[in-house]
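Biologist: Could you take a close look at one part for me, the empty space shut inside this protein? I'd like to know what lines it, and then how the sheet and its helices are laid out.

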Amino acid sequence: MPARRRMSAPDFVVVGHVVRDVVPGGWRLGGTVTFAAAQAHALGLRAGIVTRAGPGLDLGRELPFAEVRVAPSDVTTSFENVYSLGRRRQRVSARAAPILPGDVPADWRAAPLVLLGPVLGELDPSFAALFDDSALVGVSAQGWLRAVNAEQRVVHTAWDGEPFWRGVDVVFASDEDISEHDDVLAHWTRDVPVVAMTESWRGARVYAEGSWRRMEAFPETEVDPTGAGDIFATAFLVRLHESGDPHEAARFGAAAASISVGGEGIASVPSRAQIQERLQQYPEVALR
């Protein structure tokens, strides 16, 4: 008798485009959904992905650690990432079709943990409203703060649409997402309980309980920073759900991200035991 398909919501649902990241000699799968689902799985959660991709990409084989709901698209989003002097430059060679609210299975809307992780504007700003009020919902801001110029390069753009952070619990961003002229941080801290800003090797800042606090980065020799922000966001959300403490969640997320940059791709996604070891190794790294 065939196994009965489970219909309950996954523990952790992430929504956004999977990405074919161009690397020397070929490509590997990336995008927030890939790194976030891999990290959630490594922390013992049942992970679900909602995405769109083109034909010829077997996401069941590429993402065996997650339940994947993939809607059709003519192409799969594809990026080329170049890192120089601590900054990232990206070129886009293909963009999948937008993800629609109807692409999210009805039963998945009851998931306790949700991360909205667009890479390039593929989600409508109202997506958070799809999920149950009891869900802990985080949004990765970068996908709403980027555009593509005439040379197909990714560039920063200020957000002037409906608030994509409306009704969410945590906004995640990095210093490369925010220009000095943006006033979006003021909107986030007014409307959202927790805002977490990663700053690469400089560490992170977290707004919670009405004030900002900062922490240094955990020491690590960087090999590949791709996906570190997604690892941080996922581990942060999971620990926030477990502990209710945004400051503890920030340490947990930062420790996970520091381990991830020491390797390449999802092979470097850390286990809970590895994260706990890193936390014990550097007790002085904490929000101040």
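Modeller: Sure. A cavity here is a set of grid points where a 1.4 Å probe fits but cannot get out. Rolling a probe the size of a water molecule over the atoms shows where empty space is left. Keep in mind that this is a predicted model. Searching the whole structure turns up one cavity of 30 Å³ or more, and the largest cavity holds about 40 Å³ of space. Its lining includes F35, D224, T226, G227, A228 and I231, and also S260, G263, E264, G265, S268 and V269. Sorted by class, that lining has four nonpolar, six polar and two charged residues.

Now for the sheet. It's an open one with nine strands, in the order β5-β4-β1-β8-β9-β12-β13-β14-β15, and its pairing is mixed. At the edges sit β5 (66-72) and β15 (211-215), each pairing on one side only. On average, neighbouring strands of this sheet are turned by 15° against each other, direction ignored.

Helix α1, residues 32-42, packs on the sheet and touches β1, β4, β5, β8 and β9. The direction of α1 makes about 170° with that of β1. Two of the strands α1 touches, β8 and β9, run parallel and are joined by four bridges; V114 has V137 in β9 as its bridge partner.

Then there's helix α5, residues 246-260, which lies across β13, β14 and β15. Helix α5 runs at about 30° to β15, which is one of the edge strands.

Conventions
Residues numbered from 1 in each chain as written. Predicted model: local features only at pLDDT ≥ 70, side-chain atom pairs only at ≥ 80, totals over all residues. Heavy atoms only, no water. Pairing = 2+ DSSP bridges. Axes fitted to C-alpha atoms, helices over the stretch in contact; angles between N-to-C directions. Contact = heavy atoms within 4.5 Å. 1 Å grid on protein atoms, 1.4 Å probe; cavity = no way out; pocket = protein on both sides within 12 Å on 5 of 7 lines; lining within 4 Å. Points joined across faces, edges and corners; volume = space filled by probe spheres on them. Nonpolar A, V, L, I, M, F, W, Y, C, P; charged D, E, K, R; others polar.
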